[in-house]
Amino acid sequence: MTEHQVMIVGAGPTGLMMAGELALAGVEAVIVERRTAEELASTRSGGLGLHSRTIEILDQRGIADRFISQGRIAQVASFAGTPLDISDFPTRHNYGLALRQKHVERILAGWVDERSVPVYRGCEVTGLRLDDTGADIDLSDGSTLRAKYLIGCDGGRSVVRKAADIEFPGSDPTVSNLIAEIELSDEAEWGIRRDAIGTHALSKLEDGSVGVLLTEPQLRTGEPTLQELKEQLVSVFGTDFGARNPRFISRFTDVSRQAATYRKGRVLVAGDAAHIHPPDGGQGLNTGIQDAANLAWKLAQVIRRTSPESLLDTYHAERHPVGARALRQAMAAIPFRRENDRIHALREMLSELLSMDGPRKRVAGVLSGLDIHYDLGEGHPLLGRRMPDLEVAAADGSLRVFTMLHEARPVLLNLGAQGTLDITPWADRVKRIDARYVGAWELPVLGAVNAPTAVLIRPDGHVAWVGDGSGRVLNDALTTWFGAPRAT
Ligand SMILES: Cc1cc2nc3c(=O)[nH]c(=O)nc-3n(C[C@H](O)[C@H](O)[C@H](O)COP(=O)(O)OP(=O)(O)OC[C@H]3O[C@@H](n4cnc5c(N)ncnc54)[C@H](O)[C@@H]3O)c2cc1C
């Protein structure tokens, strides 16, 4: 039986990002995806926005321009109907990107292809047997594969999560929506309409068809039909506008659940397999891509035996709170989908609050993902936060921090006296760059912070150690994050 180092189940945005990151880290991985390429293109109409931190993560790999060139730069963050402008945030990408999910997946799939990761499409995982050294995975074509590690990126109904007996507690759905791409014979009433039932929207799509979003008066589940969609159009607009030729019709709810643990032995879950919530705020795909960037380099180090298995526990410790925050934000937005006098009053009051700098930055920091802070202990405000994309003066000229991260290798950026930080025992894993920087140090939401003399940057762009004279020992941080020193 073929044995792989890692099997990723699901080639949605999370699985694709995971595959690209693992390939960069030099780990052998395969993806198994039940959909064919054509099915993928026809079912992914939703997902409108990439938030700033996700664009930064793509920039850290040198691929942000592939997405930016095909999307529309916009201020995409909003809460309760109030747009949240982040153009004053200190980041090169002080905006979001309107780009539909099928395009995000297509571009990610191209990147993964360049790294020659095998993707078995049209192949469903039907069963799993887990043991202490890996998993046997049954596929719909009757074959069985074996993998040392299994990552469930297989969406909200994750087979992997269920097979690993990982609980998925949360809130049951209270409302359902229809979403569709269709043709209309008659001219429609374009834009968003809110009423006592919820939010409804009709929009013209780039290919001339029509995007439809409707809130149903009662909670429904299961696959919707064209007839149901037409009836719902009539009940909201008084006509179905001659709806015909559906490209796809789907239903989603406000169900919100989160995996109790993101790791069980050699099984890990990421993206919607780990957290599901309503799409309000556009957090799901973004959180999944960020989960992948957090996990892949850690798993690569464990597989290479440079780090102990316990490094994988930091994946849950860091990403579970971020997922919980996404759930909270999305659930809090649900009441604002409806319109009545009381909700209107509350929305107006919230809008007044969000027009103030402090509240706006706080909420936009969450939605944009720019304020994510992993708890790596007390210390300088940079510790555990994303490293800003500074332009520093290095030996070979000016260099951006994100460019240093293109190979997904850790970087020790020394901005103090040259030659003071000796990392020879980690030189095979950590790249040291001596440089100078004279500009400001500013973090989103927090504002200006003291200039450090050095920073240790993880492959995901988060700061693992700060040289600020606080006495925290660099060697301890190097060992914790990148393994024991090599004898020199
Ligand atoms: C209307 C709507 C709008 C949205 N808008 C946004 C937005 O603006 N921004 C945002 O960030 N998020 C948005 N989301 C959420 C986003 O679509 C999801 O969070 C995202 O698709 C999750 O990606 P994933 O890769 O984790 O899972 P999925 O996209 O669900 O991918 C899982 C993959 O696994 C495959 N699979 C499942 N089971 C198996 C199996 N047994 N064997 C093999 N393969 C399997 C599936 O075919 C699928 O391709 C929106 C969602 C909806 C419904």
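I began with Ser 171 in this predicted model, and I found that Ser 171 stands opposite Ser 256 in strand S18. Looking at the pairing around these serines, I noted that strand S12 and strand S18, which covers residues 256–258, run antiparallel to one another and are joined over two bridges.

I then followed the sheet outward, and I recorded an open sheet of three strands in the order S12-S18-S21, with antiparallel pairing. Strand S12 (170–171) and strand S21 (275–276) are the edge strands, and because each has a single partner strand, one side of each is left without a neighbour in the sheet.

Next I looked for what covers these strands, and I found helix H9, residues 313–333, lying across S12, S18 and S21 and running at about 175 degrees to S18.

I turned to the domains afterwards, and I wrote down that the protein chain is divided into domain 1 (3–170 + 257–368), domain 2 (176–253) and domain 3 (391–482). For domain 1 and domain 3 I looked up the separation of the C-alpha centres, which is 27 Å, and I noted that 18 residues of domain 1 are in contact with 14 residues of domain 3.

I asked myself which helices supply at least two residues each to the side of domain 1 that touches domain 3. I listed helix H1 (13–24), helix H3 (52–60), helix H8 (284–303) and helix H11 (357–368). Sorting that side of domain 1 by class, I entered seven nonpolar, six polar and five charged residues.

Notes: Residues numbered from 1 in each chain as written. Predicted model: local features only at pLDDT ≥ 70, side-chain atom pairs only at ≥ 80, totals over all residues. Domains from an automatic or database assignment. Contact = placed C-beta atoms within 7 Å. Helix = DSSP H or I, 4+ residues; strand = E, 2+ residues; numbered from the N terminus. Nonpolar A, V, L, I, M, F, W, Y, C, P; charged D, E, K, R; others polar. Pairing = 2+ DSSP bridges. Axes fitted to C-alpha atoms, helices over the stretch in contact; angles between N-to-C directions.
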